[in-house]
Amino acid sequence: MRKDQLPIPFYSHGITMAPMAGVTDSAFRRICLRLGATCLVTEMVTAAGLSRKSVKTKKMLRYHPDEQPLGVQLFGAKPDDFARASDLVTPLGFKFIDINAGCPVKRVLRSGSGSSLLGDIPRLLEIVRVTKENTDLPVTVKIRLGLTREEPVPDSIGELVADAGACAIAVHGRFRTDFFSGDVDKEGIRRIAELSPVPVIANGDSTSVEAALRLRDETGSTGLLIGRGAWGNPWIFRGIAGGNPHPEPGELHTVIMKQLSMMMELIPEPQVFHIFRGHLVQYFRGFHGAADFRRRAVGTESYKEVDIIAGEADIAMHTSLEDV
Ligand SMILES: Cc1cc2nc3c(=O)[nH]c(=O)nc-3n(C[C@H](O)[C@H](O)[C@H](O)COP(=O)(O)O)c2cc1C
């Protein structure tokens, strides 16, 4: 697979909503798609759980037919688990399988999964190989720049994963020890992109349209993965595509209510409000009075309450934008 062969252009050359456990649920993924994301990825799903045929894990593979193109992300440590898991997910309609080699969370590291694989590249490559052998779907890998600044992955990592069977590599420009803070090392991504025979998707701190485009252009990457910058601000996708990066008058309200309605079709009350409140507070940022709306949002327990707060926030947001 070389850069000019593009089995999944919507990912390799697109603007994808980054997988975010506990955030990128089905409803939010569909909102991102409507607002211009070219591709979606599930939250990370345990390969060991799928391998054991855990009912709880299999539930994480559920998605709505509108959520396409959608990739499934697997995490794990054992090649055998990936073999069985890729066998299981292949017939389910996903467009590609992504291997998580970037997660820095302790629980994940303890099992040797996520970014632990960056300290054992032969194991990572074996996982890519075995996954590819057990699926006819394209396989991709998501990495960080290494465990620590002193232990970076080789700049030739793109070639290594490509030889093992991957058709694209996403690079979060941080080290495991950085977790999610500190500056993104664009130069580190650029060095990998320069040598990679397969498309590189840049990731990290795309908090505005300008930051996202700079990240892509300054690293020589072909695609972008947008994480936290899209949470509460899915309009960033429309902005990157050249449209309005802000909600139109009335749009904050309608998008919030659409997302809640979609979530209510899948999750019963009252749990749905516990989960939705986490999204709601994210929508109330960057305008005069936003802190008050966040305070009110954490107490919402009904569709009607959300409707009232979202409507008022929409007016407050646009009034404060007019003031600027
Ligand atoms: C709450 C949260 C959950 C995440 N879950 C995942 C995950 O399941 N799989 C994954 O590969 N990365 C996960 N990430 C990392 C993001 O995909 C992304 O790489 C990271 O946030 C950096 O991009 P950003 O600066 O645009 O947010 C998560 C990040 C956050 C903040």
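Let me start where the two domains meet: in this predicted model, 14 residues of domain 1 are in contact with 12 residues of domain 2. To place those names on the chain in front of you, domain 1 runs over residues 9-240 and domain 2 over residues 251-323, and the C-alpha centres of the two domains are 29 Å apart.

How much area do domain 1 and domain 2 bury between them? The value comes to about 1200 Å², and 64% of that area is on carbon and sulfur atoms. If you look at the part that domain 1 buries against domain 2, Ile-31, Trp-231 and Trp-235 supply 40% of it, which is more than any other three residues give.

Carbon and sulfur do not account for the whole of that area, so to speak, and I would like to turn to the polar side of the interface. Across the interface of domain 1 and domain 2 there are 5 residue pairs in polar contact, and there is 1 salt bridge. Glu-251 forms a salt bridge with Arg-238, and the closest N and O atoms of that pair are 2.8 Å apart.

Which elements give two or more residues to the side of domain 1 that touches domain 2? They are helix H2, residues 26-34, and helix H11, residues 235-240, and of the elements on that side H2 gives the most, with 6 residues. When the residues on this side of domain 1 are divided by type, 8 are nonpolar, 2 are polar and 4 are charged.

Now let us move from the interface to the ligand. There are 15 residues around the ligand, and Pro-19, Ala-21, Asn-203, Asp-205 and Arg-228 are the ones that come nearest. Ala-21 is worth pausing on, since its backbone takes part: a backbone N or O atom of Ala-21 lies 2.8 Å from a nitrogen atom of the ligand. An oxygen atom of the ligand, in turn, is 3.2 Å from a polar backbone atom of Met-44. With Asn-100 the side chain is involved, as one of its N or O atoms is 3.3 Å from an oxygen atom of the ligand.

My next topic is the backbone itself, and here a little background helps. Most residues other than glycine have a negative phi, and most peptide bonds are trans. With that in mind, please find Gln-68 and Pro-69, which are joined by a cis peptide bond with omega at about 0°. Pro-69 sits in the loop between helix H4, residues 55-59, and strand S3, residues 70-75. Further along the chain, the peptide bond from Glu-269 to Pro-270 is also cis, with omega near 0°, and Pro-270 is in the loop between helix H12, residues 251-264, and helix H13, residues 271-283. As for phi, Lys-53 is not a glycine, and yet its phi is positive, at about 60°; you will find Lys-53 in the loop between helix H3, residues 47-51, and H4.

Let me finish with salt bridges, of which the model has 15 by the rule used here. One of them is formed by Arg-191 and Asp-155, with the closest N and O atoms 3.3 Å apart. Why does this pair tie together parts that are 36 residues apart in sequence? The reason is that Arg-191 lies in helix H9, residues 186-195, whereas Asp-155 lies in the loop between strand S5, residues 139-146, and helix H8, residues 157-164.

Terms used. Residues are numbered from 1 along each chain as its sequence is written. This is a predicted model: local features need pLDDT of at least 70, side-chain atom pairs count only at pLDDT 80 or more; totals for chains, interfaces and linings use all residues. Side-chain values use heavy atoms; hydrogens and water are left out. Domain bounds come from an automatic or database domain assignment. Contact means heavy atoms within 4.5 Å. Buried area is the accessible area (1.4 Å probe) that two parts lose on being put together, summed over both. A salt bridge is a side-chain nitrogen of Lys or Arg within 4 Å of a carboxyl oxygen of Asp or Glu. A polar contact is a pair of N or O atoms within 3.5 Å; within protein, one must be able to donate a hydrogen and the other to accept it, and residues adjacent in sequence count only if both atoms are side-chain atoms. Helices (H or I, at least four residues) and strands (E, at least two) are DSSP runs, numbered from the N terminus. Ala, Val, Leu, Ile, Met, Phe, Trp, Tyr, Cys and Pro count as nonpolar, Asp, Glu, Lys and Arg as charged, and the others, Gly among them, as polar. A residue is near a molecule or strand if one of its heavy atoms lies within 4 Å of it.
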